[in-house]
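Work through the exercises below with the sequence and the coordinates open side by side. Each task is followed by a solution that proceeds step by step.

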Amino acid sequence: MKLVECDNLTKRIYGNNALDGITFTLHENKITGLIGRNGAGKTTLMKILAGYWRETSGTVKVFSERPFQNLIVSANAIYVDDQMTFHQSLTLGDILEEAERFYPNWDKGLAERLFDYFSFHPKSKHDALSKGRKSTFNMIIGLASKCKLTLFDEPTTGMDASVRKDFYRALLKDYLAHPRSIIISSHHLEEIEDVLEEIILIDEGKVFLYQSMDELKEYAQGISGKTDILKPLLDDVEVIYKTEIGAGNTYAVVRANSPVIEQARQYGMAIGPVAPNDLCIYLTAKHKGGIDDVFK
Amino acid sequence: MSLNRVNASDIVKKQFQYKLKAYVGVFTSLVVVQIIALIFSYGGTGGGFSSSNGIDVRYQTYTVDNVIVLTSLWALIHAIILTTKKDWQHAFPFVGNSWTNNLSNILLLLFASIIAAVLTVLSAFAIRVIIFHFVNEDLFRSYTFFLTAENILSGWYVLTFHFFFICAIGYFLGTVSRIHPMLPILVPVIMIGLLIVFEQIHQGFMIEIATFYYEETNPALFFVKMVTTSTILFAVSVFISNRTEVRT
Amino acid sequence: MVIDPNSGKPIYIQIAEWIETEILNGNFETDDKVYSQYQLAEMFTINPATAAKGLNVLTEENILYGKRGLGKFVTKEAKKIITNKRKNGKLKALLEEVALEAERLDVSDEELFDMLRKAIAKREGE
């Protein structure tokens, strides 16, 4: 079944196109990474899918329904971010009780075990939690609600390294036990890439790349070699990223199927894979130039 | 995993229960407001002195006017608070949409109005007890000293719709204010400005409005006037807020 | 073995190589059932689709065979295929690297052979 369908989806916010005609289809029961720079449109897309924000033009369907203010979407999808707020009068224990009443698939056992594991106190107030603790608590709600579609927007904000690791493991184990659709946005692709099945790379409100994680890992190759030899080879091919290292050496990233790779190999240049996180940065920086250009 | 079907009335019910829990503060503040109002009422709300044929009469009236005024203010403020961006967002971590959220808010306000009316009527008893025991004067009681069942019921009936009406005004003002950041300042200015202008164009305008609603002696007509006006105000609020986005 | 996310090698290939090593080490014999995609996902905290892809690669190479609904099992030829593959693939690539590095460092052929002999002798001594 198609989980999400976007066709030419556009969202204008204060005169800017936060989403600029994006088109893609997501299928059910996958863990999908939503990757992009700050302001690329990740949050906007997620809030539209969750039904909080209204699309400006184009169509968007979640569970074959238009999500904005849609009760079915609201009951079957949950959006978790660090802005989640609750009434000041409710304790953490109250919040879990309320969540249980609202979400039909709520996993009380899981919620309680995670609550204890992360040493939360039922009488604490949500407002009084630190940023990382808030994220951890919100994550519990996101997982235990067991919604058909779970949207995690930068779920690990403020969490320390060990909690982040626990989170990804909890997410994966729960997903294995109860396969469902999970979309996670993150700055830390290197942290989540293992648990992802596919990624959507968005940049400037457009879907830049939509691939399986394995394809992304084989998308490009990095070549490093002497500038005077490598540079002429790169003239006629698509170069994703290029930088000079030290005196007379160049590092270039090209598509994995590029003929340059074979040529470079014959020259004895070092050829290696490119980490997905770096690749995403290179891909989205391509048109803007890097920070180095600022100092030219 | 199949889709969970939900119906709106079930969600409204759940949200109402959720809000009863979340807004306990509304009810504790009601109690505080009423106690403060009773303290103010202790001195009496009106009085005078008259003398004839060598008999001096000093009279003092005790009413629950203070309680009604302060409770109305309480109703207005809480209705506005429900519509603020922060409180509006509190309703959205869980299942719901603007429609269910509005309906459960209105239910909460209706419930609060009923409770407020009950407490206000009770405060009328309280003030009588206080005066009877603590006002150290010879008391000539007026004929309204003893409340009849009819007094109590009609008082409760009128006050419930009165508070609900005030809530509708507050909810409306709060919702309108959310359309643009400038409006929370502009709306009260415009409202007061309009009242002044109307008053200048047509003397006694405000009194006529008050008379229209509060001098109505037919209970059924009173009900129609109050409920119709409240419904219109709520309907406009719902219409506006159903179009606004949440969780910004 | 732990999956190395920094190796840049796709995880499904790392998974395939890990299972190959398990077979070479004798942890799985012919007709033994290997881990399912879900067990692998759980063991290495990776997406089950990635684990499945690793298993499929091995199935395509005839190292594993599938029984419908039961899982993946080790073929009779598995060890031979893996050994051949590694000889022709990994070992060859490693030797090419060695040759390249030797050229950069100006190591003579004799010197290189000598180093290799010593390395072999050291392993045999262990």
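The exercises that follow concern a predicted model, and they move from chain A as a whole to one helix, one lysine and the chain contacts.

**Exercise 1. Describe the overall make-up of chain A, from its secondary structure to its surface and charges.**

Solution. Begin with the secondary structure, which in chain A amounts to 11 helices and 13 strands. Next take the extent of the C-alpha trace, which spans about 70 × 40 × 40 Å along the principal axes of chain A. Turning to burial, 55% of the 296 residues of chain A count as buried, and the accessible surface of the chain comes to about 12,300 Å², with 48% of that belonging to carbon and sulfur atoms. Then consider the contacts between residues at least 6 apart in sequence, of which 66% join residues at least 24 apart. Finally, chain A carries 35 positive and 41 negative side chains, the centres of these two sets lying 3 Å apart.

**Exercise 2. Determine which residues of helix 10 of chain A are buried, how they are arranged about the axis, and what they pack against.**

Solution. First identify the buried residues of helix 10, which covers residues 259-266 of chain A: they are V260(A), I261(A) and A264(A). Viewed down the helix axis, these buried residues fall within an arc of 100°, and therefore they line one face of helix 10. The general background is that an α-helix has 3.6 residues a turn, so residues three or four places apart point the same way. The face turned away from the buried side carries the exposed residues P259(A) and Q266(A). As for the partners, the buried residues of helix 10 pack against strand 10 (220-226), helix 9 (227-234), strand 12 (249-255) and strand 13 (270-273) of chain A. To complete the description, helix 10 is followed by G268(A), which has a positive phi, near 80°.

**Exercise 3. Establish where K61(A) lies, whether it is buried, partly exposed or exposed, and which residues it touches.**

Solution. K61(A) is located in strand 4, residues 57-62 of chain A. Its relative accessible area is 34%; since buried means under 20% and exposed over 50%, K61(A) is partly exposed. Leaving aside residues up to four places away in sequence, K61(A) touches L3(A), V4(A), E5(A), R66(A) and P67(A). The C-alpha atoms of K61(A) and D7(A) are separated by 8.8 Å, although these residues are 54 apart along the chain.

**Exercise 4. Decide which pair of chains shares the most contacts, and which chains do not touch.**

Solution. Two pairs of chains are in contact, and of these chains A and B share the most contacts. Chain B and chain C do not touch, their nearest C-alpha atoms being 18 Å apart.

Methods. Residues are numbered from 1 along each chain as its sequence is written. Chains are lettered from A and ligands numbered from 1 in the order in which they are written. Side-chain values use heavy atoms; hydrogens and water are left out. Helices (H or I, at least four residues) and strands (E, at least two) are DSSP runs, numbered from the N terminus. Buried means under 20% relative accessible area, exposed over 50%, partly exposed in between (1.4 Å probe, protein chains only). Contact means heavy atoms within 4.5 Å. Accessible areas come from the Shrake-Rupley method with a 1.4 Å probe; for residues, only the protein chains shown count as cover. Lys and Arg count as positive and Asp and Glu as negative; His and the chain ends are not counted. The place of a charge is taken as NZ of Lys, CZ of Arg, CG of Asp or CD of Glu. The arc is that of the directions from the helix axis to the C-beta atoms.
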